[in-house]
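User: I am new to this structure and would like a close look at its salt bridges, and then at the parts around them. Please take me through them slowly, in one connected answer.

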Amino acid sequence: MTEEPLALSRTARTRLRREEIVTTAARTFADRGYAHVGMRDIADAVGIRGASLYHHFAAKEEILYAVCLTVTREPCEENLPLLDAAGTPAQRMAMLVRAHLRHLYRRRVEHLVGLHEMASLTPEHRAVVDGHRRYYQRRVRDVITAGVRSGEFTVPDAQLAAFAVLDMLNGFSGWFRDDGGLSLDDVAEGYVELVVGRMLGAGTASG
């Protein structure tokens with residue numbers, strides 16, 4: 001009767017430990033550079049033995065891959081369902097902008113590491129990461145296309161607009177600071193106005 005709860009508890013502990021390793025490794029890569037960090041360095045930063053680290057990840061590249069997935073696969077899973085929610089294209093894009101920025105706020109370090117260190121991934125892992133990124137871009141393009149067809153958006157090229165929107169949103173991780181005078185909510189609402197209301201041409205239709 002007690003085996004299943006204990007098994008679930010072990011699974012949860014393993015998941016939490018992996019998340020801790022990925023988050024700590026991302027900070028270490030950001031501080032020192034991926035090429036200058038070894039598995040022992042990561043284990044020391046997490047506060048575990050080297051053997052314990054290898055129980056979760058067989059190589060440093062696997063950890064970098066996990067870092068990159070937090071800013072490619074994870075936003076696909078967490079943010080894209082908003083584009084299938086009820087509402088107009090402008091309203092759904094507004095929800096996505098807010099969610100995208102909040103996710104980036106939580107994963108700023110991981111995002112910057114992914115930008116600078118992605119070339120160190122194996123070709124197989126790079127292909128998976130690029131696939132998630134392209135899928136996210138396509139979904140954004142599709143909702144912009146829907147907005148153009150409905151008359152809410154005025155951009156002439158939905159694909160180009162999607163690239164521009166995502167480039168603007170992703171730039172947030174490079175400049176935002178908690179002590180910079182703007183709150184996350186301030187930035188999110190400002191970006192909704194800039195992206196949906198002005199760049200895409202929806203005016204006040206984003207709600």
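Analyst: Across the whole structure, which is a predicted model, a search finds 17 salt bridges. One of them joins the side chains of Glu19 and Arg15, with 3.2 Å from N to O. Both residues belong to helix α1 (residues 3–32), where they stand four residues apart, about one turn of the helix. Glu19 is partly exposed, with a relative accessible area of 39%, and Arg15, at 45% relative accessibility, also counts as partly exposed.

Another salt bridge reaches between helices: Arg102 pairs with Asp185, and their closest N and O atoms are 3.5 Å apart. Because Arg102 lies in helix α6 and Asp185 in helix α11, this pair ties together parts that are 83 residues apart in sequence. Arg102 is partly exposed, with a relative accessible area of 38%, and Asp185 counts as partly exposed at 47% relative accessibility.

Asp178 and Arg108 form a further salt bridge, the closest N and O atoms again being 3.5 Å apart. Asp178 lies in the loop between α10 and α11, while Arg108 lies in helix α7 (residues 108–117), so the pair ties together parts that are 70 residues apart in sequence. Here the two partners are set differently towards the surface, since Asp178 counts as exposed at 53% relative accessibility, whereas Arg108 is buried, with a relative accessible area of 18%. Salt bridges also link Glu74, Glu78, Arg106, Arg107 and Glu110 into a network.

From the charged pairs we can turn to the aromatic ones, of which the count comes to five. Phe172 and Trp175 make an edge-to-face pair, with 5.9 Å from centre to centre and 80° between the planes. The two residues are three apart in helix α10 (residues 172–175), and are therefore separated by about one helical turn. Phe172 is buried, with a relative accessible area of 0%, but Trp175 is partly exposed, with a relative accessible area of 40%. Trp175 also forms an edge-to-face pair with Phe176, at 5.9 Å centre to centre and 70° between the planes, and Phe176 is buried, with a relative accessible area of 2%. Through ring pairs, Tyr105, Phe172, Trp175 and Phe176 are linked into a cluster.

The nonpolar residues come next. The largest nonpolar core has 33 residues, of which Met93, Val97, Ile144, Val196 and Leu200 touch the most other members. The elements that give two or more residues to this core are α6 (89–106), α8 (123–150), α9 (158–170) and α11 (184–199), and two of these, α6 and α11, also hold Arg102 and Asp185. A second, separate core of 25 residues includes Met39, Phe57, Leu64 and Cys68.

Met39 leads to helix α2 (residues 39–46), in which Met39, Ile42, Ala43 and Val46 are buried. These residues cover an arc of only 100° around the axis, which puts them on the same side of α2. The face turned away from that buried side carries the exposed residues Arg40 and Asp44, and just after α2, Gly47 takes a positive phi of about 90°.

Two annotations from UniProt cover this part. An unreviewed entry gives residues 38–57 as "DNA-binding region", a span that is 75% helix and 0% strand, with its end C-alpha atoms 13 Å apart. UniProt also lists residues 15–75 as "domain: HTH tetR-type" in an unreviewed entry, and that span is 77% helix and 0% strand.

Notes
Residues numbered from 1 in each chain as written. Heavy atoms only, no water. Buried < 20%, exposed > 50% of the residue type's maximum accessible area, 1.4 Å probe, protein only. Arc of directions from axis to C-beta. UniProt positions renumbered as here; feature names shortened; annotations may be inferred. Core = buried A, V, L, I, M, F, W, Y, C linked by side-chain atoms within 4.5 Å. Phe/Tyr/Trp six-rings, centres within 6.5 Å; stacked < 30°, edge-to-face > 60°. Salt bridge = Lys/Arg side-chain N within 4 Å of Asp/Glu carboxyl O.
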